[in-house]
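Here's a quick tour for anyone meeting this structure for the first time. Have a look at the display, then read on.

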Amino acid sequence: MAVARVKKIELYVHRTAVEEVLSVLQERGITEIAAAERNAAEEPSARPARSGGDYAAALNDVNYLVRYLAPYYKDPVGTLGRILGERDDVSVEKLAALAEKVDAGNLAAEVRKRERRLTELRSDVQQVKSLQQTLAAVKSFKPPLSMVTEGTRLVAGFLGAGRAENLLEWKDAVEEAFGADAECLVSVPSQGSRDPAWGSVFYLRSFEDKLSELCLKHSVAKIDLPSSLTGTVAEEQKKLSDRLAALGQEEKYFVNWLQSFADAHMDEIRRLGDYLTIMKTRQDAEDESERTEQVVLLRGWVPDSKAAELKQILAPHEKDVDLRLSDPAEDDDPPIVLENRNCAKPFEMLTMLYGAPVYGSVDPSFPMMPFFLLFFGMCYADAGYGIVITAIAVYFLKKYRKMPDGIKRALTLVKYCGIATVIYGAVTGSWMGDMIDAFPFLGFLRPAKNLVTLLEPMKDPMLLLGISLALGIVHIYYGILLAAYANVRERRWFAACADQGGWLLLLTGLLIFGVGAFAAPRVEPLGKNMAIAGALVLVLTQGREKKGIVGKFVSGVLSLYNVTSYLGDVLSYSRLLALGLVGGAVAMIINLMSKLCGGTAYVGWILALLIFFGGHVFSMVINILGAFVHPLRLQYVEFFGKFYSSGGTAFEPFCYRSDYVNVTGRKDA
């Protein structure tokens, strides 16, 4: 149950063997390489040069290609399949050979050239569409647009837009100010038309400032047109339509080119990206190390159980390396490695979700396992639902054999939870709610169902409430005992007796006293005496870190207030009853509605099937969230709170990390 022990690594490597040693370490993936602590004032240029090339630029090109080409590429594997591990097994040697043949820089340059042209085309398309909208607003303007965009030496033209009433006032003001030296026209749309109002005026250029004043006064905005528009509105609209079609054809050409390029190169680009990621990780490990002209010092960690394997894989390089292993010092912050039996490994993700434990403390993954499964089963509470989620988990586990460990453990956890739900649902007689009792044609299954039914929550909810609270008491006691175990393992005997022993004595005494008061008067004095003894232990010991007798006594007395906290913790387990009853009630309602609809003429059986399957699928999806969150909350708050110390840092192995292929080492090539 304890967090796995780790060894500190100090690996001195001759510079000629660094690449090979890092390659071996990365292939096995059993060590964590830690960054060396450096003086902030140290300049990188002052450090001895490392071996190998620079993979960052090539990786940036590959990442750009993968990101940009993704919309143009149809992955034959599919997103779900790739997430679940549908990838080819490729050796590092083959990836290295691919990297020799494929020039990511040249490929990226080709794509960037097309990207720039596509960007220009799409910008031009937007401009043409904007001009089309502008010309559509003044489609009734008859003179050539050159009179507006260019004019003559003495005469200029103006097109403006605004509210109809403002334009009419503007027209009157222009005619009054300019008289015969201007020709003004205003187009006001008919009532109900969505066409905008516009106005035009041809005037002597000497009146331009005056016209600007009138436009500003009457809120008339100038319609800006490019100088390239010289024909009539109809002629220019035709040119713009032709231009838009030509741009569309060119854009289609480049899109087709990108699709063909992606189909031809995406697979090798992705593989190259995985290889470059591996090599850059290796390069970063060397960059973060301490080194001289001849020696590189790699610092890091290895699980104690893997120390012998580490020595074995470094044996062929014994002339070039010097490995020193030691236990963590007091001021070290060792990474956290969780090592559990296979059955408990899926629960490690729940532990890490809360936060990695402190080094040397208790690993709660295995202790949490039976309680989480039991509580999940009580919350989901239906054998039919359990069979469905178990079948789904088993299907994916069987179909996708190469899935990543994290997803595999999550699906295994779902499978375990489904099995727990089947067992609890069978014991409580819930199979898709009351499906077997609700539908007469399933009556032949009732004897088998009744044979294993031991409890019916809908008929006796108080009994289930009592069971839920009793499980809560056991769960909390287990947490206290784990805290005592941790203290004993660290040889803190007094803390185990005073802290956990005192509370166990007090809480057990209160429980016996309560039972005696209601059911067994003979044990009431025993419970009373145990409670008093536990309280005295707590009062005398819980303030031991305070200064002064008064401070110690007051702190000890105040610690007794935590009894209310334990009471609240126990009552929190009533949620096991609540969630189970809600799920069962919803399932019964779905069955009742299906049964009622089944009597409808002609379409009744169709409605019944839709309500039955749709309702139960909805109920499964909705209830599984609560069935996961609430048992997890009981672990995190009520259980972990009694013994668990988080704040550690997870172990990050130096290994192959890839997104698109399963990278095999030389031993698997």
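## What helix α13 packs against

In this predicted model, the buried residues of helix α13 pack against four other helices: α12 (365-380), α14 (405-427), α22 (575-597) and α23 (604-639). So which residues of α13 are the buried ones? They are Ala383, Gly384, Tyr385, Gly386, Ile389, Thr390, Ala393 and Leu397.

Helix α13 covers residues 383-399, and its length checks out. At 1.5 Å a residue, its 17 residues should span 24 Å, and the end C-alpha atoms are indeed 24 Å apart. Take a look at the start of α13 too: there, a side-chain oxygen of Asp382 comes to within 2.9 Å of the backbone nitrogen of Gly384.

## A buried asparagine in α22

Helix α22, one of the partners of α13, is also home to Asn591. Is Asn591 buried or exposed? Its relative accessible area is 0%, and the cut-off for buried is under 20%, so Asn591 counts as buried.

What does Asn591 touch, leaving aside residues up to four places away in sequence? Its contacts are Met432, Gly433, Asp434, Met435, Ala438, Phe439, Phe612 and His616.

## The stretches listed as transmembrane

An unreviewed UniProt entry lists residues 371-397, 418-442, 462-488, 500-520, 573-593 and 605-629 under "transmembrane region".

Two of those stretches are worth a look in the model. Residues 605-629 are 100% helix and 0% strand, with end C-alpha atoms 36 Å apart. Residues 418-442, on the other hand, are 56% helix and 0% strand, and there the end C-alpha atoms lie 23 Å apart.

## A four-stranded sheet with helices on it

Elsewhere in the chain you'll find an open sheet of four strands, running in the order β5-β6-β4-β7 with antiparallel pairing. Its edge strands, β5 (182-187) and β7 (221-222), each pair on one side only. Strand β4 (residues 155-161) meets β7 in the antiparallel sense over two bridges, and Ala161 sits opposite Ala221 of β7.

Which helices pack on this sheet? One is α7 (residues 164-178), which touches β4, β5 and β6 (198-204) and has a direction at about 170° to that of β5. Another is α8 (residues 208-217), which touches β4 and β6; its direction makes about 160° with that of β6.

Methods. Residues are numbered from 1 along each chain as its sequence is written. This is a predicted model: local features need pLDDT of at least 70, side-chain atom pairs count only at pLDDT 80 or more; totals for chains, interfaces and linings use all residues. Side-chain values use heavy atoms; hydrogens and water are left out. Two strands pair if DSSP finds at least two bridges between them. Contact means heavy atoms within 4.5 Å. Axes are lines fitted to C-alpha atoms, for helices over the stretch in contact, and angles run from 0 to 180 degrees between N-to-C directions. UniProt positions are given in the numbering used here, feature names are shortened, and annotations may be inferred rather than shown by experiment. The expected span of a helix is 1.5 Å times one less than its number of residues. Buried means under 20% relative accessible area, exposed over 50%, partly exposed in between (1.4 Å probe, protein chains only). A polar contact is a pair of N or O atoms within 3.5 Å; within protein, one must be able to donate a hydrogen and the other to accept it, and residues adjacent in sequence count only if both atoms are side-chain atoms.
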